[in-house]
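Please open the model in your viewer and keep the sequence panel visible. The tour proceeds by selection, one region at a time.

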Amino acid sequence: MRAITGAPMTEKVRRAMEAVPRHEFVPDSVKPQAYDNRPLPIGEMQTISQPLIVALMTQLLEPRLGDRILELGTGSGYQAAVLAELVDQVYSVEIIGALADEAAARLKRLGYDNVTVRHGDGTLGWEEVAPFDGIIVTAAGIEIPDALMRQLRLGGRLVMPVGEVGGVQQLKLVENRPEGLINENVLSVRFVPITRDIR
Ligand code: SAH
């Protein structure tokens, strides 16, 4: 059993976190730190979030077995793998081609055949496979992209760090309820920025 330092979480999310080998998702140079509760570099100036934040964001989505989830910001593929342990399908979009390719290959090698990675701009969502039961944005933006709100199913939940890029953001939870949208600020966080620059 792998200990993830200091991360309080539900039993279901804890089991998912334990099932995913985090060391497979980080470069050799930081493998000794793979199970520390801290963010780690994954190349291309991007970072994999600390396990506590991955657990929290996963939990906020309230994932269920039949769910279809959209992720903006595949990065290493770690968050996608954690979700893949809990839901039916994960669709993840990454704007940096090298990271998208690496993550897709890694997820395949590790047997996560319910994750589909696409190279592109995740702020546009993924029209062909929408709507989603949950949308998780793992990069920061000044506002929630309209396309993502449109692709969130009624009853669905969206989690995203919203605020000044390069500064502190609020981790926001949006619930698309029949009586209207419910918006909650959960925690102050710091994420790498969303870019529109496909490379
Ligand atoms: N969830 C990742 C960490 C994400 S870091 C993991 O578990 O490893 C944020 C990622 O968002 C970076 O890889 C960055 O390239 C990507 N990103 C930034 N803007 C994006 C956009 N518009 N569409 C898709 N991905 C984007």
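How much space lies in the largest pocket? In this predicted model, the largest pocket holds about 220 Å³ of space. To find it, select Thr123, Glu143, Pro145, Ile194 and Arg196, which lie nearest the centre of this pocket among its 14 lining residues. Colouring that lining by class will show 8 nonpolar, 3 polar and 3 charged residues.

Next, turn to the second largest pocket, where about 170 Å³ of space lies. Select Pro39, Thr47, Ile48, Ser49, Gln50, Leu52, Ile53, Val189, Arg190, Phe191 and Val192 to display its lining. By class, these divide into 7 nonpolar, 3 polar and 1 charged residues. Strand β2 (46-48) and helix α2 each contribute at least two residues to this lining.

From there, select the whole of helix α2, residues 51-60. Is this helix largely enclosed or largely open? Because 7 of its 10 residues are buried, helix α2 is largely enclosed by the rest of the structure. The buried positions to highlight are Pro51, Ile53, Val54, Ala55, Met57, Thr58 and Leu60. One of them, Ile53, also appears in the lining of the second largest pocket.

Now display what covers these buried residues. The covering elements include helices α1 (11-19) and α3 (78-84), together with strands β6 (132-137), β7 (152-163), β8 (169-177) and β9 (180-189).

Finally, move just past the end of α2 and select glutamate 62, whose phi is positive, at about 45°.

How values were computed
Residues are numbered from 1 along each chain as its sequence is written. This is a predicted model: local features need pLDDT of at least 70, side-chain atom pairs count only at pLDDT 80 or more; totals for chains, interfaces and linings use all residues. Side-chain values use heavy atoms; hydrogens and water are left out. Buried means under 20% relative accessible area, exposed over 50%, partly exposed in between (1.4 Å probe, protein chains only). Helices (H or I, at least four residues) and strands (E, at least two) are DSSP runs, numbered from the N terminus. Contact means heavy atoms within 4.5 Å. On a 1 Å grid over the protein atoms alone, a cavity is a set of points where a 1.4 Å probe fits but cannot get out, and a pocket is an open set with protein on both sides within 12 Å along at least five of seven lines; lining residues have an atom within 4 Å of a point. Grid points are joined across faces, edges and corners, and a volume is the space filled by probe spheres set on the points. Ala, Val, Leu, Ile, Met, Phe, Trp, Tyr, Cys and Pro count as nonpolar, Asp, Glu, Lys and Arg as charged, and the others, Gly among them, as polar.
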